[in-house]
Amino acid sequence: MSQTQEQKAVSAAVPPTASAPAKGKKPRKQEQEAARSEITELTPQVLRMELPIRMPGLGHVNCYALLDEDGAAVVDPGMPGPDNWNALKKRLKQAGLRVKDVHTVIVTHSHPDHFGGATRFAKQSGARIVAHDAFRFGVAPQPHGHDHPEVSVDDLDAQREALAPEQDGESSGRAGTPHGRPPPSPERGARTPWGGDPPRPPVRHRLKWGAMRLLGKGGWVPTITHPTRAGAVLRLGGREWFVVHTPGHTEDHICLHNREDGLFLAGDHVLPTITPHISGLSSFEDPLKEFFDSLDEAAALPDVELSLPAHGHPFGDLAGRCEAIKQHHAERLDRVKEISRMLGPASVQAFSQQLFRKRSWGPMAESETYAHLEHLRILGDAERTSDREGNYIYVTA
Ligand SMILES: [Zn+2]
Ligand SMILES: [Zn+2]
């Protein structure tokens, strides 16, 4: 690719806002765009390959290939299953690569659209699989388990509103689970800490994942051959990449930073126009604070010129985007306080039903609401008591 083409590819990638919808067309966030088959060389030896996914709020996942004389490392090789694998093989072929040229797979975090293709590489090319040493999937380290969809309910809410504003009153009032991932495995009948139903993926996803599990875990959840952690240095694609641990969206999320060329592999931590789902169900006391700290850490990285997110276009001004995401959450926190003034002491469900439109109500919306309420409580800006049934009741200062 010539210098001019590269520049073009990079500059085309940089606009941080969603493209304006054409007249009469529904607005679409860049993270929702369907996967394009063409690959983009963003900078020498760094390719963006878009892989198809079907999840609310997302139309593709970016798999980045880092080329070197031994072949390639790939970052986030997409969903499990043959559709993804076939698309991935095609993209690699376009880049002049074979599956067996892939010597390393980096998984930014334990969500299936990021690790799905990893096991096939391990089997077919003997690739080493690198992820944070806390990488966990489908394991419940605490009684209520974990569920971490991709996109915030807020963004999904806005997207649904854009698509069908008139149907608000007609909705089922239940948030879909963006991630087709296994149930968080609470015991049957278990309730969330705040006293609601636990988040559960739709039945069809549970059946599918259940069947896949029966076929063997090894079929789709990778074994991490090379666990890594903050501060480690990975030599990939002829560059040195520093591992930055960025818990928030998941506890095991990592980003990679190459200072020399100002590159930042952002995973789902910092997305160009939407915010990732932050679950209240976490082994962290205050998952929102973890996320803010991780945003501060990303924003403080020196010399970042181009951020490569897992969904959407590569973008500039990482620090600005981190600040905008924090600002978004600050506004949500203010809104929670406003709701408290209006409702008085109230349950997580009651807060959640004020924060979100009816069509988005449900366990995922409650989980995000709970994360915000707990953040305020830990800051000393809210008090928590329990009602007779053991449901949490919050009131903000
Ligand atoms: Zn994710
Ligand atoms: Zn993702």
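A residue is called buried if 20 or more other C-beta atoms lie within 10 Å of its own, exposed if 12 or fewer do, and partly exposed in between. Keep that scale in mind on this tour, and remember throughout that the model on your screen is a predicted one.

**Stop 1: a loop residue to try the scale on**

Select aspartate 317, which you will find in the loop between β12 and α8. Because 15 other C-beta atoms lie within 10 Å of it, aspartate 317 counts as partly exposed. Its backbone deserves a look as well, since phi is near 50° here, a positive value in a residue other than glycine. Most residues other than glycine have a negative phi.

Now move to aspartate 303, in the loop between α7 (287–299) and β12 (306–309). Is aspartate 303 buried or exposed? It has 12 C-beta neighbours inside 10 Å and therefore counts as exposed. Aspartate 303 also has a positive phi, of about 65°, although it is not a glycine.

**Stop 2: the whole chain**

Zoom out and colour the protein chain by secondary structure, and you should be able to trace ten helices and 15 strands. Of the 397 residues in the chain, 49% are buried. If you consider the contacts in the chain with a separation of 6 or more, 69% of them are made by residues 24 or more positions apart.

**Stop 3: the largest nonpolar core**

Next, select Tyr64, Val74, Val105, Val107 and Leu265, which are the residues with the most contacts inside the largest nonpolar core, a set of 80 residues. Strand β3 (residues 58–68) gives the most to this core, contributing seven residues.

Stay with tyrosine 64 and display what surrounds it: once neighbours within four places in sequence are left aside, it is in contact with Val46, Leu47, Arg48, Val74, Val75, Leu265 and Leu308.

**Stop 4: a three-stranded sheet**

Travel along the chain to the open sheet whose three strands stand in the order β13-β15-β14, with antiparallel pairing. The edge strands are β13 (346–347) and β14 (382–386), each of which pairs on one side only. Strands of a sheet pair through backbone hydrogen bonds, either parallel or antiparallel.

Select β14 together with β15 (residues 392–396), and you have two strands that pair in the antiparallel sense over five bridges. Two of the partnerships are easy to pick out by number: glutamate 383 is bridged to valine 395 of β15, and threonine 385 has isoleucine 393 as its bridge partner in β15. Five residues lie between the strands of this hairpin, and in it glycine 390 takes a positive phi near 90°.

On the other side, β13 and β15 run antiparallel and are joined by two bridges, with alanine 346 having tyrosine 394 of β15 as its bridge partner.

Which residues of β15 belong to its covered face, and which to its uncovered one? Tyr392, Tyr394 and Thr396 make up the covered face, whereas Ile393 and Val395 make up the uncovered one.

**Stop 5: the helices beside the sheet**

Add helix α8 (residues 318–343) to your selection, and you will see that α8 lies across β13 and β15, running at about 100° to β15. Helix α9 (residues 348–355) packs with α8 at an angle of about 115°, the two axes being 10 Å apart, and the crossing of α8 and α9 is right-handed. To see the contact itself, show Arg335, Val336, Ile339 and Leu343 of α8 with Ala350, Phe351, Gln354 and Leu355 of α9. Six of the residues in this contact are nonpolar, one is polar and one is charged.

Turning to α9 alone, you will find that it is mostly covered, as six of its eight residues are buried. These are Val348, Gln349, Phe351, Ser352, Gln353 and Leu355, and what covers them includes α8, β13, α10 and β15.

**Stop 6: tyrosine 370**

Finish at tyrosine 370, which lies in helix α10 (residues 363–379). It counts as buried because it has 27 C-beta neighbours inside 10 Å. Not counting residues up to four places away in sequence, tyrosine 370 touches Trp194, Gly280 and Val348. Tyrosine 370 and glycine 280 are 90 residues apart in sequence, and their C-alpha atoms are 5.5 Å apart in space.

Methods: Residues are numbered from 1 along each chain as its sequence is written. Chains are lettered from A and ligands numbered from 1 in the order in which they are written. This is a predicted model: local features need pLDDT of at least 70, side-chain atom pairs count only at pLDDT 80 or more; totals for chains, interfaces and linings use all residues. Two strands pair if DSSP finds at least two bridges between them. Helices (H or I, at least four residues) and strands (E, at least two) are DSSP runs, numbered from the N terminus. Two residues are in contact if their C-beta atoms, placed from the backbone, lie within 7 Å. Axes are lines fitted to C-alpha atoms, for helices over the stretch in contact, and angles run from 0 to 180 degrees between N-to-C directions. A crossing is left-handed if the near helix is turned anticlockwise from the far one by less than a right angle, and right-handed if clockwise. Ala, Val, Leu, Ile, Met, Phe, Trp, Tyr, Cys and Pro count as nonpolar, Asp, Glu, Lys and Arg as charged, and the others, Gly among them, as polar. A nonpolar core is a set of buried Ala, Val, Leu, Ile, Met, Phe, Trp, Tyr and Cys residues joined through C-beta atoms within 7 Å.
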